[in-house]
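Work through the exercises below with the sequence and the structure open side by side. Each task is followed by a solution in steps.

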Amino acid sequence: MNDKERDDPLAGAGLDTLAIRAGQHRTQEGEHAEAIFPTSSYVFASAAEAAARFSGDEPGNVYSRYTNPTVRTFEERIAALEGAEKAVATASGMSAILSLAMAQLKAGDHLICSRDVFGTTVNLFAKHLSKFGVETTFVPLSEPAAWREALRPETKLLFLETPSNPLSEVADLRALADLAHENGARLAVDNCFCTPALQRPFEFGADFVVHSATKYLDGQGRCLGGVVLGDAEPMQDVLTFLRTAGPTMSPFNAWVFIKGLETLRLRMEAHSTNALALARWLREQPAVESVFYGGLPDHPGHDLAARQQRAFGGVLSFRVKGGRESAWRVIDSTRLLSLTANLGDVKTTIVHPATTTHGRLSDEEKASAGITENLIRVAVGLEDIADIQADLARGLDSL
Ligand SMILES: *Cc1c(COP(=O)(O)O)cnc(C)c1O
């Protein structure tokens with residue numbers, strides 16, 4: 001080890017430096033960009049070394065379901081950005097949430113989850129975990145009293161996304177972390193919409209953070225991936241589950257995410273700037289009834305979001321005058337925007353939540369969650385804002 005390595009250049013480094021430098025372990029080839037290791041297994045120098053690696057007496061790679069150097073670089077980099085002791089990468093966002101649940105919960109345990117989480121997360125908890133004796137109560141994200149009322153002696157985990165999709169409701173992370181801890185439970189935050197560039201839930205007392213890396217961590221819609229983060233000790237169970245069940249991240253995908261992280265803060269700021277501009281413009285349009293975006297000062301979650309987040313992110317939604325027909329007309333009139341339920345991409349996407357992402361909800365559930373037929377969600381990308389506005393104006397002006 002030389003002097004340069006001994007005084008760790010990343011000690012106390014800022015977010016951008018960590019995003020660009022953390023976790024790289026240069027090989028003897030001296031490569032400047034991070035190397036990809038597409039290998040399923042590793043060779044040992046001797047039978048004794050193989051035995052020591054298998055028993056765990058000696059650290060090192062054994063098999064890529066356990067460890068892979070490219071995946072490790074991604075894990076170390078995202079852990080540095082979130083301020084976590086340990087990160088475990090997974091094949092997708094859903095396998096991150098599954099791995100956390102399988103590691104933390106057992107039959108008889110109770111889970112409280114915010115109502116507006118990603119639809120597949122609702123299905124995972126309500127339809128699959130329930131088969132193994134784990135019961136879930138869904139509560140409104142921004143009503144702390146509802147979380148308190150839902151608590152039971154057997155509650156082990158509180159799970160949420162903030163801001164919510166698609167209405168940008170905001171949870172008080174500190175209050176919910178305290179509530180969890182007072183009752184012997186832990187708080188897990190799906191930080192997909194903000195990323196650590198805008199919000200670092202561990203600073204507010206969260207115990208776990210999960211991501212769908214598929215979204216903003218990649219940033220260009222190329223790969224599926226996920227990650228769970230937390231303290232080393234509880235994360236050991238997540239790692240054990242992952243190694244046994246096998247939803248590991250591919251090294252190719254890890255490399256794409258490593259590169260995505262390098263521009264994360266710049267992109268998140270640009271997404272936020274474009275989204276705020278679009279929210280303000282939408283408000284001026286006669287065919288728009290209301291706009292939901294935390295960056296608007298009169299949004300009910302604005303003050304809390306301003307305390308917890310560095311900016312307000314790229315996702316907004318709005319109601320047009322009329323019903324489903326009006327909403328569909330605006331969507332179908334776009335020529336530039338991509339009609340897809342995905343988000344977290346440099347390309348702007350547009351979707352009708354009531355008939356796609358939230359289509360599984362009953363009419364009553366939709367009504368109580370505010371998912372009306374005239375609601376449109378836009379995940380604002382990085383095209384010129386004037387072009388995004390012009391594309392939406394075509395439909396809006398025809399209403
Ligand atoms: C997309 C998404 C997920 C699921 O991630 P996949 O990578 O698609 O498995 C989980 N949570 C949120 C908030 C998401 O947007």
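**Exercise 1. A salt bridge from a loop to a strand**

Is Asp 109 buried or exposed, going by its relative accessibility? Then find the partner of its side chain and place both residues in the fold.

Solution. The model is a predicted one.

Step 1. The relative accessibility of Asp 109 is 5%. Buried means under 20%, so Asp 109 counts as buried.

Step 2. The side chain of Asp 109 meets that of Lys 156 in a salt bridge, at 3.0 Å from N to O.

Step 3. Asp 109 belongs to the loop between α5 (93-104) and β2 (110-114), and Lys 156 to strand β4 (residues 155-161), so the pair ties together parts that are 47 residues apart in sequence.

Step 4. Lys 156 has a relative accessible area of 28% and is partly exposed.

**Exercise 2. Other salt bridges**

How many salt bridges does a search of the whole structure find? Describe the pairs made by Arg 265 and by Asp 218, and name the members of a network.

Solution.

Step 1. The search of the whole structure gives 17 salt bridges.

Step 2. One of them joins Arg 265 to Asp 16, with the closest N and O atoms 2.6 Å apart. Arg 265 is part of helix α12 (residues 264-284) and Asp 16 of helix α2 (residues 15-21), so this pair ties together parts that are 249 residues apart in sequence.

Step 3. Both ends of this bridge are classed as partly exposed: Arg 265 has 25% relative accessibility, and Asp 16 has 31%.

Step 4. Asp 218 pairs with Arg 222, and here the closest N and O atoms are 2.9 Å apart. Asp 218 is buried at a relative accessible area of 0%, whereas Arg 222 is partly exposed at 45%.

Step 5. A network of salt bridges links Glu 34, Arg 77, Lys 259 and Glu 262.

**Exercise 3. The surroundings of the ligand**

Which residues are around the ligand? Sort the shell by class, then list polar contacts to ligand oxygen atoms from Gly 93, Thr 214 and Lys 215.

Solution.

Step 1. Around the ligand are Ser 92, Gly 93, Met 94, Phe 118, Glu 161, Asp 190, Cys 192, Phe 193, Ser 212, Thr 214, Lys 215 and Gly 225.

Step 2. By class, this shell holds four nonpolar, five polar and three charged residues.

Step 3. Gly 93 contributes a polar backbone atom 2.8 Å from an oxygen atom of the ligand. Thr 214 has a polar side-chain atom 2.6 Å from a ligand oxygen, and a polar side-chain atom of Lys 215 also lies 2.6 Å from an oxygen atom of the ligand.

Step 4. The ligand taken alone exposes 380 Å², and the protein buries 93% of that.

**Exercise 4. The two faces of a helix**

Which residues of helix α3 (residues 47-55) are buried? Decide how they are arranged about the axis.

Solution.

Step 1. The buried residues of α3 are Glu 49, Ala 50, Ala 52 and Arg 53.

Step 2. In a view down the axis of α3 they fall within an arc of 165°, so they line one face of the helix. In general, an α-helix has 3.6 residues a turn, so residues three or four places apart point the same way.

Step 3. Ala 47, Ala 48 and Phe 54 are exposed and sit on the face of α3 turned away from its buried side.

Step 4. Gly 56 follows α3 and has a positive phi, near 85°.

**Exercise 5. Backbone exceptions**

Most residues other than glycine have a negative phi, and most peptide bonds are trans. Where is the cis peptide bond with omega of about 0°, and which residue has a positive phi of about 65° although it is not a glycine?

Solution.

Step 1. The cis bond with omega of about 0° joins Thr 162 and Pro 163. Pro 163 lies in the loop between β4 and α8 (173-182).

Step 2. Another cis bond, with omega of about 5°, joins Asn 165 and Pro 166. Pro 166 is placed in the loop between β4 and α8, and its backbone oxygen is reached at 2.7 Å by the side chain of Ser 317. Ser 317 belongs to strand β9 (residues 315-320) and counts as buried at 0% relative accessibility.

Step 3. Ser 168, in the loop between β4 and α8, has a positive phi of about 60°. Ser 168 is buried, at 5% relative accessibility.

Step 4. The residue with a positive phi of about 65° is Thr 195, found in helix α9 (residues 195-198). Thr 195 is buried, with a relative accessible area of 0%.

Definitions and conventions
Residues are numbered from 1 along each chain as its sequence is written. This is a predicted model: local features need pLDDT of at least 70, side-chain atom pairs count only at pLDDT 80 or more; totals for chains, interfaces and linings use all residues. Side-chain values use heavy atoms; hydrogens and water are left out. A residue is near a molecule or strand if one of its heavy atoms lies within 4 Å of it. A polar contact is a pair of N or O atoms within 3.5 Å; within protein, one must be able to donate a hydrogen and the other to accept it, and residues adjacent in sequence count only if both atoms are side-chain atoms. Accessible areas come from the Shrake-Rupley method with a 1.4 Å probe; for residues, only the protein chains shown count as cover. Ala, Val, Leu, Ile, Met, Phe, Trp, Tyr, Cys and Pro count as nonpolar, Asp, Glu, Lys and Arg as charged, and the others, Gly among them, as polar. A salt bridge is a side-chain nitrogen of Lys or Arg within 4 Å of a carboxyl oxygen of Asp or Glu. Helices (H or I, at least four residues) and strands (E, at least two) are DSSP runs, numbered from the N terminus. Buried means under 20% relative accessible area, exposed over 50%, partly exposed in between (1.4 Å probe, protein chains only). The arc is that of the directions from the helix axis to the C-beta atoms.
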